[in-house]
Amino acid sequence: MNRSSMVLVSLPVLLLALACGGKPQEVKKPEPGAVEAPAPALPADVEAIAGIAPDAAAAPGEPAVGAPEGTATATASSVEATGELISPVESELAVRMPGRVGRMYVDEGQRVKKGQPLLALETQYLQLEVERSTAEVARAQAAAGDAKRELDRKQGLLAKGSVAQAAYDRADSAAVGADAAVLAARATRDLARQRLEDAVLRSPIDGVVAERKTDVGERMGEATVAFVIVQTSPLKLRFRLPERYLAAVRIGQEVEATVDPYPGETFRGRVKTIGGVIESATRTVAVETEFANADGRLKPGLFARVKLDLSSAGAPGGTR
């Protein structure tokens, strides 16, 4: 290769080196005692992604952040779960006979006792029917008395031969018919009294009025629901536990529950039933507890946290 061609080849190489910034700069080591400069901020899009990354792993036994509500957690001596308080009985009450509402005795949210009147239909005509049927009973009884006396008289005459047998038989039949009329009149009177009693709708249980669906003046049919009454004492609390705790739970075991409306207070109940089937999707078993709730402070629908003492029933996998 001649000198001119070497110059032509070296020129592009030189231009490329100048375009790349010349020779690389040396990395200076920090001097002793110097403060290291903070790292440059990440771009906005990278920082958004970095914020999603999890922190250090959760400690053993602690629920992961964002774990679904209702998941049971456990320590060495107890297990906790969450559930909802529910009423064991919810009754939709309707009147036994159609009629117009005459009086209302309770309102929504009011506590009621078994047998307490809730409403009464208009009863003017029913009361008149009771009076009429009562008078019919008195009339039938008077007729039955006359028939009985006539029968006794004919029986005396028959013994003396002063009256024919046929006359006595007719008197006997009249007495039997009069007695039957008394029974029929009494049945009519009792039916009228029952209709008057049915005009008052009463609570079948101790509980609270959850809904009131009628008012004074409204006409109700036999299937029209007037009230919804829910039982509040006792209340049930249902929740699910992992299958590994099945051997540590027993019927009658005491449990403790807390609710948000009463912070710092603990309510005590007992295990009522334990499910007989393990749910294959979650590997959990249903547990139902019961709380006396004699003071009515707990309400159906409240969210509660329940705690079971495992030490009193043995550790999971042990004997009971």
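## Helix α4 and what it packs against

In this predicted model, the buried residues of helix α4 pack against α3 (124-160) and β7 (200-202), where buried means under 20% relative accessible area, exposed means over 50%, and partly exposed lies in between (1.4 Å probe, protein chains only). Helices (H or I, at least four residues) and strands (E, at least two) are DSSP runs, numbered from the N terminus. The buried residues of α4 include Ala 167, Tyr 168, Ala 171, Ala 175, Ala 178 and Val 182, and further along the helix Ala 185, Arg 189, Ala 192 and Asp 198 are also among them. Several of these positions lie three or four places apart, and an α-helix has 3.6 residues a turn, so residues with that spacing point the same way.

Helix α4 has 34 residues and reaches 50 Å from its first C-alpha to its last, close to the 50 Å expected at 1.5 Å a residue; the expected span is 1.5 Å times one less than the number of residues. Arg 189, which has its place in α4 (residues 165-198), counts as buried because its relative accessibility is 17%. Leaving aside its neighbours within four places in sequence, Arg 189 is in contact (heavy atoms within 4.5 Å) with Ser 133, Thr 134 and Val 137.

## Two open sheets of four strands

One open sheet of four strands has the order β7-β6-β4-β9, with antiparallel pairing; two strands pair if DSSP finds at least two bridges between them. Strands β7 and β9 (219-220) stand at the edges, each with a single partner strand, so one side of each is left without a neighbour in the sheet. Within this sheet, strand β4 (residues 99-104) and β6 pair in the antiparallel sense over three bridges, and Arg 103 stands opposite Ala 120 in β6.

Another open sheet is formed by four strands in the order β3-β10-β8-β5, again with antiparallel pairing. Its edge strands are β3 (90-94) and β5 (111-112), each of which pairs on one side only. Strand β5 pairs with strand β8 (residues 207-212) in the antiparallel sense over two bridges, and the bridge partner of Val 112 in β8 is Gly 207.

## The loop after β5

Is Lys 114, in the loop between β5 and β6 (117-121), buried or exposed? Lys 114 is exposed, because its relative accessible area is 62%. The C-alpha atoms of Lys 114 and Pro 204 are separated by 5.1 Å, although these residues are 90 residues apart along the chain. Leaving aside its neighbours within four places in sequence, Lys 114 is in contact with Ser 203, Pro 204, Ile 205 and Asp 206.

## Strand β14 and the strands linked to it

Strand β14 (residues 284-291) is largely enclosed by the rest of the structure, because six of its eight residues are buried. Eight bridges join β11 to β14, and these strands run antiparallel; in β14, the bridge partner of Arg 240 is Ala 286. Strand β13 (residues 267-274) also pairs with β14 in the antiparallel sense, over four bridges, and here the bridge partner of Arg 270 in β14 is Glu 290.

Strand β11 (residues 235-242) is in turn joined to β2 by three bridges, with the two strands running antiparallel, and Leu 85 stands opposite Leu 237 in β11. Seven bridges join strand β2 (residues 78-86) to strand β15 (residues 303-309), which also run antiparallel, and Ser 78 stands opposite Asp 309 in β15.

## The whole chain and confidence in it

The secondary structure of the protein chain comes to four helices and 15 strands, and 28% of its 320 residues count as buried. Among contacts between residues at least 6 apart in sequence, 73% join residues at least 24 apart. The chain exposes about 21,200 Å², of which carbon and sulfur atoms supply 56%; accessible areas come from the Shrake-Rupley method with a 1.4 Å probe, and for residues only the protein chains shown count as cover.

The mean pLDDT (the predictor's confidence in each residue, from 0 to 100) of the protein chain is 80, and 73% of its residues reach 70 or more. Among the elements of the chain, helix α2 (residues 44-50) has the lowest mean pLDDT, 45, and β6 has the highest, 96. Over residues 1-20 the pLDDT stays under 50, and the model has two contacts beyond four places in sequence for them. Where pLDDT is low, the predicted coordinates should not be read in detail.

Residues are numbered from 1 along each chain as its sequence is written, and side-chain values use heavy atoms, with hydrogens and water left out. Because this is a predicted model, local features need pLDDT of at least 70 and side-chain atom pairs count only at pLDDT 80 or more, while totals for chains, interfaces and linings use all residues.
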